[in-house]
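Let's take a walk through this structure together, one region after another. Have the model open beside you and follow along as we go.

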Amino acid sequence: MATSRRDYYELLGVSRTADEAEIKKAFRRLARTLHPDVSQEPDAQERFREVVEAYEVLSKSETRELYDRYGHDGLRGGGFTPTTFDLGSLADLFGAFFGDDLFGTGQARGARGGDIAAQIEIELAEAATGATRSVPFPVTVPCATCAGSGARPGTEPVPCATCDGRGRLQQVTRTLLGEMVRSQPCPACNGSGRVVEHPCLDCDGSGRTVEERTLEVQVPPGIHDGQQIRISGEGHAGQLGGPAGDVYVQVRVKPHERLVREGNDLFCTVDLTMTEAALGTTVQVPTLEGETELELAPGTQPGRLHVLRGKGMPVLQGFGRGDQRVLVNVQVPRRLTEEQRRLLEEFEQSVSEDTYEADEGFFQKLKSAFR
């Protein structure tokens with residue numbers, strides 16, 4: 001895996017709004033110059049691996065969306081591991097040197113199956129401890145009757161007569177610079193290189209059927225709202241023996257009634273009456289593990305921040321936990337009886353310079369809550 005943390009769009013030299021065609025064109029251009037078999041630069045191999053990794057992410061809508069929203073950390077949290085290159089990336093890589101033919105042999109290749117998107121919803125407490133969810137979804141699988149061949153039992157697909165089983169047609173054009181070879185999928189067999197003369201009755205010759213499947217998804221502790229979990233090889237079946245796609249499970253974390261998450265920290269507020277703040281009190285504070293007591297000293301000021309160390313969210317795929325920050329809100333009476341007003345007026349007349357001790361402003365306290 002490339003160790004560089006450079007922006008993938010910068011590596012390919014495209015804008016963040018580039019479409020699929022622009023990304024593929026940029027990748028092929030760089031592959032022609034950076035491939036170790038072509039380039040003599042000492043860092044060519046590492047730069048080439050970076051470019052392949054960037055293309056692997058940006059060429060797929062699921063990983064590109066994850067990268068756009070959360071960057072490199074979001075890819076790791078979503079299960080992306082660029083240690084091997086999928087067939088699609090290799091096809092475009094070899095296409096940079098040999099046209100659209102993968103290995104220059106002209107043989108038809110299997111197509112990778114499509115990816116599946118699913119969504120689950122968990123509580124904030126479950127995001128802290130981790131959870132297991134059953135995710136049902138429809139998926140295409142190889143037909144059991146014909147074993148994925150598409151042909152009726154007892155028969156076999158035959159090579160396409162138009163392309164001689166290669167799956168592609170080539171057109172040679174002579175120019176002043178020499179011969180140019182142009183390749184395109186065979187229209188008679190749709191690039192498969194074979195024709196099913198007697199289609200399977202169960203799958204109508206497609207070689208695939210649809211079934212309901214349920215996966216047990218392990219949600220790791222510390223996951224953030226909107227992050228995706230990638231389950232490799234559990235998506236739609238490929239064609240012609242191609243690999244299956246992946247399943248991307250998006251995790252939505254329900255908002256908590258009293259706790260707000262900011263990164264790995266949690267925030268909440270407690271309300272005190274004016275007399276409770278002046279005399280001191282003990283309050284119940286919500287945490288992920290349940291209510292806990294917090295003792296507030298006499299003279300507690302509005303905006304006072306108390307930090308509960310290690311009471312926040314665990315670090316995703318890491319160590320330690322964030323903190324929980326408790327912000328004190330002091331309630332001022334809106335309606336007073338005549339007796340209450342008289343008592344407050346007597347109190348105000350009896351105060352001295354020592355009654356109200358200078359304290360940092362509320363704005364400074366509010367800023368410190370978000371440090």
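In which helix is M274 found? M274 sits in helix α7, which covers residues 274–279. Keep in mind from here on that this is a predicted model. M274 has a relative accessibility of 34%, so it counts as partly exposed rather than buried, a class that would need a value under 20%. On the surface, M274 joins L336 and L344 in a nonpolar patch, and together these residues offer about 210 Å² of accessible area.

Now zoom out for a moment to the whole chain. It holds nine helices and 15 strands. Of its 371 residues, 39% count as buried. The accessible surface of the chain comes to about 22,000 Å², and carbon and sulfur atoms make up 50% of that area. Contacts also reach across the sequence: among those with a separation of 6 or more, 65% are between residues 24 or more positions apart.

With that overview in hand, let's go inside. How many residues does the largest nonpolar core have? The largest nonpolar core has 39 residues, and the ones with the most contacts inside it are V219, I223, V249, V251 and V285. The strand that gives the most to this core is β2, residues 131–142, with five residues. V219 is a good place to stop and look around. Leaving aside neighbours within four places in sequence, V219 is in contact with I120, I122, G130, A131, I229 and V251. There is also a second, separate core, made of 22 residues, and Y9, I23, L34 and L75 are included in it.

Next, the charged side chains. Side chains of opposite charge can pair when their charged atoms come close. In the whole structure, a search finds 19 salt bridges. One of them joins D68 and R16, with an N to O distance of 3.5 Å. This pair links distant parts of the chain: D68 belongs to helix α4 (residues 61–77), R16 to the loop between α1 (8–12) and α2 (20–34), and the two are 52 residues apart. Are these two partners buried or partly exposed? D68 counts as partly exposed because its relative accessibility is 37%, and R16 is partly exposed too, with a relative accessible area of 44%.

A further salt bridge is formed by R321 and E289, whose closest N and O atoms are 3.3 Å apart. R321 lies in the loop between β14 (305–308) and β15 (324–331), while E289 lies in the loop between β12 (281–287) and β13 (290–296), so the pair ties together parts that are 32 residues apart in sequence. With a relative accessibility of 38%, R321 counts as partly exposed.

Some salt bridges are joined into a network, and here R112, D115, R230 and D246 are linked in this way. Where in the chain does D115 lie? D115 is placed in the loop between α5 (87–98) and β1 (116–122). The side chains of D115 and R112 meet in a salt bridge, at 2.9 Å from N to O. R112 itself counts as partly exposed, at 28% relative accessibility. D115 also approaches the backbone of another network member: a polar atom of the D115 side chain lies 2.7 Å from the backbone nitrogen of D246. Leaving aside neighbours within four places in sequence, the contacts of D115 are E62, H236, G245, D246 and Y248.

Finally, turn to the backbone. Most residues other than glycine have a negative phi, and most peptide bonds are trans. With that in mind, look at A147, which is not a glycine and yet has a positive phi of about 60°. A147 is placed in the loop between β2 and β3 (158–159). Why does A147 count as exposed? Its relative accessibility is 68%, and the class of exposed residues begins over 50%.

Q317 gives another example: its phi is near 55°, a positive value in a residue other than glycine. You will find Q317 in the loop between β14 and β15. Q317 counts as exposed because its relative accessibility is 59%.

Conventions:
Residues numbered from 1 in each chain as written. Predicted model: local features only at pLDDT ≥ 70, side-chain atom pairs only at ≥ 80, totals over all residues. Heavy atoms only, no water. Patch = residues over 30% accessible without salt bridge, like charges linked within 9 Å, V, L, I, M, F, W, Y side chains within 5 Å. Areas by Shrake-Rupley, 256 points an atom, 1.4 Å probe, with all protein chains shown as cover. Salt bridge = Lys/Arg side-chain N within 4 Å of Asp/Glu carboxyl O. Helix = DSSP H or I, 4+ residues; strand = E, 2+ residues; numbered from the N terminus. Buried < 20%, exposed > 50% of the residue type's maximum accessible area, 1.4 Å probe, protein only. Core = buried A, V, L, I, M, F, W, Y, C linked by side-chain atoms within 4.5 Å. Contact = heavy atoms within 4.5 Å. Polar contact = N/O pair within 3.5 Å; in protein donor to acceptor, adjacent residues only side chain to side chain.
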